[in-house]
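Work through these exercises with the structure open. Each task is followed by a solution in short steps.

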Amino acid sequence: MHSKQRLTEQRLARVLDERIRPAVHARTVPLDIAIWNVPGEPVPVADGLAAPYEPVTLGHRWGPAWSTSWFRISGRVPAEWAGRRVEAVVDIGFNFTGAGFSSEGLVYRADGTVVKALNPRNAYIPVADPAVGGEEFTYYVEAAANPNLNDDHLPSHTGDRPSWLTGEDSTAITGAPIYQLLRLDLAVFDAAVWELAQDLDVLGELMRELPEAEPRRWQLLQTIERALDAIDLQDVSGSAAAAREVLRPALAAPAAPSAHRMSAVGHAHIDTAWLWPLRETVRKVARTLSNVTHLMDDHPGFRFAMSQAQQLAWLKEHRPEVYGRVQEKAKTGQFLPVGSLWVEPDTNIIGGESLARQLIHGKRFYLDEFGVETKEMWLPDTFGYNAAMPQLMKLAGVRWFLTQKISWNTTNKFPHHTFWWEGIDGTRIFSHFPPVDTYNAEITGAELAHAVRNFQDKEAANSSLLPFGYGDGGGGPTREMLARASRLVDLEGSPRVAIESPADFFERAHTEYPDAPVWLGELYLEFHRGTLTSQLRTKQGNRRGEHLLREAELWSATAAVRTGFSYPHEALDRLWKTVLLHQFHDILPGSSIGWVHREAEATYASVTAELHGIVDAAQRALAGKGEEQVVFNASPFTRDGIPAFGASPCTGSPDRLVAPVPVEGGHLLDNGLVRVRIDDRGLVTSAYDITAAREAVAPGTAANLLQLHQDFPNEYDAWDIDAFYRNTVHELRDAESVRAEADGVRVVRTFGDSRIEQFISLGKGSRRLDIDNEIDWNEKEKLLKAAFPLDVRADHSSAEVPFGHVQRPTHTNTSWDAAKFEFCAHRFLHVGERGWGAAVVNDSTYGHEVTRDVRSDGGTTTTVRLSLLRAPRYPDPDSDQGRHHLRYGFVIGADIADAVREGYGFNVPERSVPGSSGAVVPLVATDDDAVLVDTVKLADDCSSDVVVRLYEAHGGRATALLSTGFPLESATVTDLLERPLAPGEDSGAARQTAAGQVSLTLRPFQILTLRLRSVPKAHAER
């Protein structure tokens, strides 16, 4: 940097920080303040207003971590301030640790109505504009003493942590105060000085970012110098107008016609839970939106986009007066619901139907509450995006997709910022990654310059989106940000900045770049791979909740049609929303504090109990009265003679497992299809496919080999698994005991402070070896994997994702391939050669890997590994400690169809209830296993129509007939919201036949939603 510019920048920074900005509120008088400390959890507003307050003074320390204190602030406007704008300036102890990571407050009037929030960069309360002089006022501040749990501000990973972090008493209000009252002033707001500060801020940052050879840079330097010379440092207010006049020509110079165009979208990314519990997010939302609506009053052109319908639903429930203001601003076009989702979920781990319901409940909320049909999926912060999403978006009426997170890739830079994203079925969605590389922009010169330099599509496009505003309770956009935006609308040397809606941007970008390049398949984030494994109990709660919701809907719909059972619409709606909430991208991935995950575990237990009750009630209604056991099969595949989605009396033997046979050095499980040898260490040394005359386990290896790795990533403990974890491994080959039981082999291993008990079994007539694990896990910074080295030469693996599967290379030909060293699979992962393969299935594991090694005999060993448990120490030092129960299975001699079927079977158990001996006929059935019915329910409008969601599951074109267990009047292809599709929108994929069936024609992985209407009973009886 040229020395003259460096000196000017230093001078400008000092004058701004020490003279101009303090002069904005130079005329002050002190305020009176009193406090009431809430003894426990937050209280209703009325209680806070009526509480007994005690006077305190500046310097008062308050707020043990997670506590709430109410402040009563009062004062009188001096008579001589008549006609001026007057504000209270209050610093309750922000310490400027970062917006969203500090104390926060919500300001109320004495009547309980909300004014706005207090945050580190938004610390003023409007009192009068203009003041009359002499008026008295009182405000109340509900202040949250949220501790800063940002990793940069915590003790070391190996040191002691405060109790509110370890989780030992994180819900208790204990400990020393962590905040201190720092400022309590009533002040005149000097508008001329404030405007001068914004002028200098914008021009100074622009000067700093312009190239040294650019004349404009040096012109601005001279202009800024002259403006600083015009300021009387002892009378900033009196000289502000003169200094602004010096700057006026520089601010009036227009941008070049070719300047990049940026759509600035007001935004506040609020993590629904993360380093704070759900209850605190409810308050963060109220604080942020009170700020946003207050700002809209003074700035009619301000536009603010908010995603996550759940957060608005909370606002409606807990702060209806703020919600009313939001609805008011939505009518003026200033408040913009976006995102189309219930929360911003993890999209790696959630199931297909969950992602559909995220869209359904999100879009319905916006339609019902705001009359808005949202057109975009807004997911700036999620940790990778599955390849089924484009189709699901389109089926929900979504046209555009936005994220920023892929810019966090640690190996490969994504090649586009604007592109078409193509999913596994061929659906394409117009997509954008903001090149500013943040979803919390402040509209600074550095951000704008970075976005212009970084934009990957300059040769054909010239538009990008810039989300601006402090997130996570930091208050959203500020008046300073809006001031910058207003000066950057048309300014020489800068991109053109316009505050717009996301729809404005996407419509223009699409028109500008209709032939944007195409990216096929998943958007894999080369980072945060550990989120596929952290906090197992949370992931198990989600997986089991998803399957139980599916069962509850299936059997309730079947019972409603068959017996008149009262379909529990309201309960299912509530339970779905509870599960959807916990799919947020810092809850389900396991990257929140322990408080969040303990609450999630309790919530899942409650959800599970209620859903079991719904399933049981529906099945008993179907089974009728009697003492015989009626067995229900919720799998979409026939199983043990029971049809898919139907029930039959129990006629088979309860003994379904093969008894182990002792052999030299171990035990044998043989059912005539496969023969599995378990040695005296409890390892699977042979898994022989008798039908194919083929060994599955690679020579000289053992399967179901548990491996322990040191797991200490460079940063982001709960989030990351770094590739160097493979450098150290301890193989758990020794067993404490191996013993045969009547229907399997039990193996016990101990290591460190932990213990694993496995029960290995093989079903009669099954190719699946089941491993049931009871684990007492007490390790720290370790990763536990289960390895299956297979005698297979596979150049790709096939992993289940929502409504299909994706193929990933097993080699490392390119840096893109090598970066996928840990990836997501749902219920199955398959590898194979032409004509033969194998699969692993699981009941709660998502992290997987596949590696290849060429052996000395010329063969190839393809090793599949499942990541079972981790033990990160941040942000929950007790992550995953304690007892766990999980299962996985090894399917020997499996193709993709087998993997799909076994994955469902492994996760959907048969259930039995006492009843009569009659069978329950399924509501729907298809004649092709490739066309898989995933969801059966009654319509959301509470009619008696049956809604079926199905998909092609094998990756090829399929034709099938769908038959119904009731007289069918009509079958309508709908979108996800159960609205008829327009002609041409896949509505021709299903046609009703003369025989009352539905003929289906599906492309690979196509999803279809059908609304089936039965013939009215009177007509059917004729």
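**Exercise 1. Sort the residues that line the largest pocket by class, then locate the pocket in this predicted model.**

Step 1. Start with the classes. The lining has 10 nonpolar, 13 polar and 18 charged residues.

Step 2. Take the volume. The largest pocket holds about 1200 Å³.

Step 3. Find the centre. The lining counts 41 residues, and Arg-639, Arg-768, Asp-770, Gly-905 and Phe-906 are the closest to the centre.

Step 4. Trace the elements. At least two lining residues each come from H15, H17, strand E34 (754–762), strand E35 (768–777), strand E44 (882–892) and helix H19 (896–907). H19 gives the largest share, 6 residues.

**Exercise 2. State how many cavities of 30 Å³ or more the structure has, and describe the largest cavity.**

Step 1. Count. The search of the whole structure gives 7 such cavities.

Step 2. Size the largest cavity. Its space is about 250 Å³.

Step 3. List what lies around its centre. Of 21 lining residues, Gly-351, Gly-352, Glu-353, Glu-546 and Arg-827 are the closest to it.

Step 4. Assign elements. Helix H10 (352–370), helix H15 (536–563), strand E37 (796–801) and strand E47 (931–938) each give two or more residues to this lining. The largest share, 4 residues, is from H15.

Step 5. Sort by class. This lining has 8 nonpolar, 6 polar and 7 charged residues.

**Exercise 3. Describe the second largest cavity: its space and its lining.**

Step 1. The space is about 120 Å³.

Step 2. The lining has 17 residues. Nearest the centre are Asn-348, Phe-383, Tyr-524, Leu-525 and Leu-532.

Step 3. By class, the lining divides into 9 nonpolar, 4 polar and 4 charged residues.

**Exercise 4. Find the largest nonpolar core and the helix that gives the most to it.**

Step 1. Recall the general trend. In soluble globular proteins, nonpolar side chains tend to be buried together.

Step 2. Look at the largest core. It has 210 residues, and Leu-200, Leu-289, Leu-312 and Phe-401 have the most contacts inside it.

Step 3. Name the helix. H17 (residues 594–623) gives the most to this core, with 11 residues.

Step 4. Look beyond it. Another core, of 49 residues, lies apart and includes Val-745, Trp-836, Val-864 and Ile-892.

**Exercise 5. Decide whether Asn-454 is buried or exposed, and list what it touches.**

Step 1. Place Asn-454. It is in helix H12 (residues 445–454).

Step 2. Apply the cut-off. Buried means under 20% relative accessible area. Asn-454 has 10% relative accessibility, so it counts as buried.

Step 3. List its contacts. Leaving out residues up to four places away in sequence, Asn-454 touches Lys-413, His-417, Pro-435 and Asp-437. The side chains of Asn-454 and Asp-437 are joined by a polar contact of 3.3 Å.

**Exercise 6. Locate two cis peptide bonds and two non-glycine residues with positive phi.**

Step 1. Asp-129 and Pro-130 are joined by a cis peptide bond, with omega about 0°. Pro-130 is in the loop between strand E9 (124–128) and strand E10 (136–144).

Step 2. Tyr-874 and Pro-875 are joined by a cis peptide bond too, with omega about 5°. The loop between strand E43 (860–870) and E44 holds Pro-875.

Step 3. Asp-472 has a positive phi of about 55°. Its loop runs between strand E20 (463–468) and helix H13 (479–487). Its relative accessibility is 7%, so Asp-472 counts as buried.

Step 4. Phe-803 has a positive phi of about 55°. Phe-803 is in the loop between E37 and strand E38 (804–809). At 4% relative accessibility, this residue is buried.

Technical notes
Residues are numbered from 1 along each chain as its sequence is written. This is a predicted model: local features need pLDDT of at least 70, side-chain atom pairs count only at pLDDT 80 or more; totals for chains, interfaces and linings use all residues. Side-chain values use heavy atoms; hydrogens and water are left out. On a 1 Å grid over the protein atoms alone, a cavity is a set of points where a 1.4 Å probe fits but cannot get out, and a pocket is an open set with protein on both sides within 12 Å along at least five of seven lines; lining residues have an atom within 4 Å of a point. Grid points are joined across faces, edges and corners, and a volume is the space filled by probe spheres set on the points. Ala, Val, Leu, Ile, Met, Phe, Trp, Tyr, Cys and Pro count as nonpolar, Asp, Glu, Lys and Arg as charged, and the others, Gly among them, as polar. A nonpolar core is a set of buried Ala, Val, Leu, Ile, Met, Phe, Trp, Tyr and Cys residues joined through side-chain atoms within 4.5 Å. Buried means under 20% relative accessible area, exposed over 50%, partly exposed in between (1.4 Å probe, protein chains only). A polar contact is a pair of N or O atoms within 3.5 Å; within protein, one must be able to donate a hydrogen and the other to accept it, and residues adjacent in sequence count only if both atoms are side-chain atoms. Contact means heavy atoms within 4.5 Å.
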